[in-house]
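User: I'd like a close look at one part of this model, the largest pocket. Could you walk me through what lines it and what sits around it?

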Amino acid sequence: MKTGSSREFHAIQEKNRALSSENEQLRKIYEIGNTLRAERNIDKLLPLIMVEISKFLDADRATLFLVDLERRQLWTKFAEGMGEDRIYIGLKMGIVGACVLTGKLINVASAYEDPYFNTEIDLQTGFHTESVLCAPIFNSGKEVTGALELLTKRTGVFTAQDEQKVMKTAAKLAKIDFSSPADEKRAKSQVYVLRKALNCERCALFMLDRDKGELRSIIAEKIQGWNIQLSLNLGIAGLIAVTGQDLIIPDAYADPRFDKTVDERTGYITRCILGVPLKNQIGEIIGVIEVMNKNKGIFTGSDLELLKSLSSFIAIFIENALLFEEHNKQFKSMIEVLAASIDAKDTMTAGHSQKVAEYSIGIARTLGFGDEEMDILGVAAMLHDLGKLGTDDHILKKPGQLTQMEFEHIKEHVNHTRNILNKMSFMLKYRKVPIVASSHHERLDGTGYPDGLRGNQIPFMARILAAADVFEALTTNRHYRDAMPVEEAFRILDEGKGSKFDENVVKALKVYYSSQLAA
Ligand SMILES: [Fe+2]
């Protein structure tokens, strides 16, 4: 009785321990989520993920590769010990390589839509591959020794029946000794029979050369005198990216799929690897996470489960960061297009906005502004004269002095700038852009326009723009006068210190300008 209840007590204790360790893991996952959510810059996010995962799984190093479909590559940025070098791994081993590496049959309806299809052979031969059916060839020891590939079925795509047929032929080919010419001839005729039966355009037979790490073509039909050799040297990350499978490698150097070149280059010694694919919300593979060298022992099934549960939301953060980066690029290119449209209006002042942006950012940096503020200022500077699109050409380009009415018309450009920018939707930090950009003619003593703001009423960033704008205008040619020497322009700014222009801003502009001359 006593032993019974003590056994029960131990069972409950054991259960509690398991529960609290699960809770602890959940808490850690939640914390990692919070850390990663705050970072939108992809270059900062990737190293952060690696550090968090290494800590979480008690591993020596984590690596994160992202799939670059356009370049058919995996790329990464290492956090530790690799400096700023990115490592690129080719994905060009193609569908045959994937078939040999995984030992699985691959049926692709449209080769060019498959990210791992190697277009190089088509490019060199002038063929256009459509569908691909590829079966692995095994030896009696169940090792993959090659692959049989059928290309471009003339009627539709390869069916389940076709798959059966190609597997059967592949099984027959496994028994063939390619060192005997008679056997090789027999093999070729079997492959041709199969090609006819499946009604395909071409076929190919590859054998794996393990020593060289290459696939050698035995048959590459209609590619005369051309031996295809495909490198299999792309390592575990490439394999995970191609197949979407998880992998636990207890001893990397004993695994023929492991690519030693990165270790050779860096002096790092990989012992064991745990790797999972990163999939986006529609199940496409966007990258691979690898964790190397567990500090005690090797990676287990429960490590794999933990990494998988982490990887699903890491993928979301990465997608968000990539999307954000994409938005930013679009936004910046839109700003450049708008600035170019102002330049197109008046070739004499072309480049004015870029130059004002450069001076403004220079002033801000000298005054110790942060990256975010410099970004806002750059955008506001590029767009400050956007309203000039609405100014009459003959007034804008008038060589002589303006009449009062003409000057009033020119002054309207800041209202146009404000109206246009207010209609654009600026995200987050950029919401200040319309007001900053359209206040660049305000002056400290209230004599500026459009609102006649005074002193601190004028946003500080607009005070920077004001000085940068006047300095740029004075030191370049205008329709009504030639460019002024820099010293004279500074003298005018100095005269306006405190009344028109902010004293610290003018000082910072001088510091920035002379630092540029020295450089
Ligand atoms: Fe202006």
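**The largest pocket and its surroundings**

Analyst: Let's start with the make-up of the wall: the lining of the largest pocket divides into 15 nonpolar, eleven polar and twelve charged residues. In that split, Ala, Val, Leu, Ile, Met, Phe, Trp, Tyr, Cys and Pro count as nonpolar, Asp, Glu, Lys and Arg as charged, and the others, Gly among them, as polar.

A quick word on the ground rules. This is a predicted model, where local features need pLDDT of at least 70 and side-chain atom pairs count only at pLDDT 80 or more, while totals for chains, interfaces and linings use all residues. Residues are numbered from 1 along each chain as its sequence is written, and side-chain values use heavy atoms, with hydrogens and water left out.

Now the pocket itself. It holds about 1,100 Å³ of space, and of the 38 residues that line it, Lys388, His441, Tyr449, Ala473 and Tyr480 are the closest to its centre. A pocket here is an open set of points on a 1 Å grid over the protein atoms alone, where a 1.4 Å probe fits, with protein on both sides within 12 Å along at least five of seven lines; lining residues have an atom within 4 Å of a point. The volume is the space filled by probe spheres set on the points, which are joined across faces, edges and corners.

Which helices build the wall? At least two lining residues come from each of α9 (301–345), α10 (352–366), α12 (393–396), α13 (404–411) and α16 (460–474), and α16 gives the most, with four. Helices (H or I, at least four residues) and strands (E, at least two) are DSSP runs, numbered from the N terminus; the whole chain has 18 helices and twelve strands.

Lys388, one of the residues closest to the pocket centre, has a charged partner: its side chain meets that of Asp385 in a salt bridge (3.4 Å, N to O). That term means a side-chain nitrogen of Lys or Arg within 4 Å of a carboxyl oxygen of Asp or Glu. Asp385 is buried at 4% relative accessibility, whereas Lys388 is partly exposed at 24%. The cut-offs are under 20% relative accessible area for buried, over 50% for exposed and partly exposed in between (1.4 Å probe, protein chains only).

Two of the lining helices are also joined by a salt bridge: Asp393 pairs with Lys345, with the closest N and O atoms 3.2 Å apart. Asp393 sits in α12 and Lys345 in α9, 48 residues apart, so the pair links distant parts of the chain. Asp393 is partly exposed at 39%, and Lys345 is buried at 19%. The structure holds 22 salt bridges.

Helices α9, α10 and α16 have a second job to look at, since each supplies at least two residues of the largest nonpolar core, as do α11 (371–383), α15 (433–437), α17 (486–495) and α18 (503–518). Such a core is a set of buried Ala, Val, Leu, Ile, Met, Phe, Trp, Tyr and Cys residues joined through side-chain atoms within 4.5 Å. This one has 45 residues, and Phe471 is among those with the most contacts inside it. Leaving aside neighbours within four places in sequence, Phe471 is in contact (heavy atoms within 4.5 Å) with Tyr359, Val486, Ala489, Phe490, Leu493, Leu509 and Tyr513. Apart from this core lies another, of 34 residues, including Leu310 and Phe317.
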